[in-house]
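This report describes the strands and one helix of a protein chain. Please look at the sequence and the structure before reading on.

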Amino acid sequence: MAVNFTIPAEHEIYPVKGVEIGIAEAGVKKTNHKDLTIFKFSDGTSVAGVFTSNRFRAAPVQISEQHLQASTIRALIINTGNANAGTGEDGINRCLQVCHALSEQLNISEQAVLPFSTGVIMETLPADRIIQAIPRAIADLSENNWFPAAYSIMTTDTLPKVASRKVQIDCDTITITGISKGAGMIRPNMATMLCFMATDIGINQRLLTSMIQEIANRSFNRITVDGDTSTNDSFVIAATGKHPLFIDSKDHPYYQDVLKALTEVALELSQKIVRDAEGATKFVTVKIDKAQSNEEALKVAYSIAHSPLIKTALFASDPNLGRILCAIGYAGIPDLDTRKVKLFLGDVLVSEHGGIAASYTEAQGQAVMNESEILIHVELNRGSCSETVYTCDFSHEYVTINADYRS
């Protein structure tokens, strides 16, 4: 039931030089399901990542953070069906066993492997099954496996999430391709969502570490399905350096162009998570303008985007728009002058001067609420800062999916 979701044709998914991907069935939770994915990077690749701020960070998140600080990364290993979170020291040891097994097979150091897991929390990781499947995944390594990999990392997703672009930078054409997964337990708060992107250009390692945080803040840190920050959220970008273009600093003449291109792909992948959210029937953009600060704008945006009353009204196509005013009011801005606030639904002015707009009619609100894509636009009229958050509605299906998740 994804909302206006597009899947690129296979010829529109471009391989990235220096990246090979292999997929195998490990039987982590289910049989006859490809649930193990390996990324292999060429020597000289820069890799950066941002991870969940949940204090119960999964074992693979903890190890990935350590390995990124200690080594040049040459491989990723991802399993679905088990999050390896809330598993204590045993989970750490099992994750390290998997990293060690892959490092031996690829003849690289254990610290050059980043592990990732997604699935049920507080269940023991079947490391032995994963290790047994590693040779099959390595045998499958190919530069053309992005699409199968998008399938293999899915959990409650209904569709594979892939974005790929050839981008013209001056006289050069660069390649950016990425996959993501996630449908529920979604409110990434980067310092059950995973994203892996790669580009063939070279980017200085320290610079890429700075860039990925900014990219995350414009994409994955601006989406929410249900307000839950997972124990496993991870976002990784690899720059292989196989293209002659090398970005070494923010002063590079093409730095902004590259940052923009990477951000656009990340934004597409993050919005696909919302479009394919568990039970979603509406894709909702919440835009806050004229706030005193970005933090203030985000407070209001998330107050609206997280409200179960608003999200259920969206599902019902019910223009019960007083719920939105209510969420603005409890967003935590104690000196908010409600007489200055303007609320728009699409391009329809709903509220001003502290009450319903004189021009507003229920029919106007109903017409907007009937759409599958809805804009909620708020002007606070107390500053010049703006923020945008992307979310969805809550349907009966969301409850059904999460009630049955472990069965």
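The text below goes through two sheets and then a helix that packs on one of them.

**The four-stranded sheet**

The model is a predicted one. Strands of a sheet pair through backbone hydrogen bonds, in either the parallel or the antiparallel sense. One open sheet here has four strands in the order E1-E2-E4-E5, and its pairing is mixed. Strand E1 (19-24) and strand E5 (113-118) each have a single partner strand, so they stand at the edges and one side of each is left without a neighbour in the sheet. On average, neighbouring strands of this sheet are turned by 15° against each other, direction ignored.

Is E5, an edge strand, buried or exposed? Six of its six residues are buried, so E5 is largely enclosed by the rest of the structure. Both of its faces are covered: Val113, Pro115 and Ser117 are buried on one side, and Leu114, Phe116 and Thr118 on the other.

**The five-stranded sheet**

A second open sheet has five strands, in the order E3-E10-E8-E7-E6, again with mixed pairing. Its edge strands are E3 and strand E6 (161-169), each of which pairs on one side only. The twist from one strand to the next averages 15°.

Three of the strand pairs from the two sheets are listed here.

| Strands | Sense | Bridges |
|---|---|---|
| E1 and E2 (residues 36-41) | antiparallel | six bridges |
| E4 (residues 75-80) and E5 | parallel | six bridges |
| E3 and E10 | antiparallel | six bridges |

Within these pairs, Glu20 stands opposite Lys40 in E2, Thr80 stands opposite Thr118 in E5, and Val47 stands opposite Ala238 in E10.

Helix H1 (residues 59-70) lies across E3 and E10 and runs at about 140° to E3. Helix H5 also packs on the sheet and touches E3 and E10, its direction making about 35° with that of E3.

**Helix H5**

H5 covers residues 205-218. At 1.5 Å a residue, its 14 residues should span 20 Å, which agrees with the 20 Å between its end C-alpha atoms. At the start of H5, a side-chain oxygen of Asn204 comes to within 3.0 Å of the backbone nitrogen of Arg206.

Which residues of H5 are buried? They are Leu207, Leu208, Met211, Ile212, Ile215 and Ala216. Seen down the axis of H5, these buried residues fall within an arc of 165°, so they line one face of the helix. They pack against strand E3 (46-51), strand E9 (202-203), strand E10 (234-239), strand E11 (246-247) and helix H6 (255-275).

Definitions and conventions. Residues numbered from 1 in each chain as written. Predicted model: local features only at pLDDT ≥ 70, side-chain atom pairs only at ≥ 80, totals over all residues. Heavy atoms only, no water. Pairing = 2+ DSSP bridges. Helix = DSSP H or I, 4+ residues; strand = E, 2+ residues; numbered from the N terminus. Axes fitted to C-alpha atoms, helices over the stretch in contact; angles between N-to-C directions. Expected span 1.5 Å × (residues − 1). Buried < 20%, exposed > 50% of the residue type's maximum accessible area, 1.4 Å probe, protein only. Arc of directions from axis to C-beta. Contact = heavy atoms within 4.5 Å. Polar contact = N/O pair within 3.5 Å; in protein donor to acceptor, adjacent residues only side chain to side chain.
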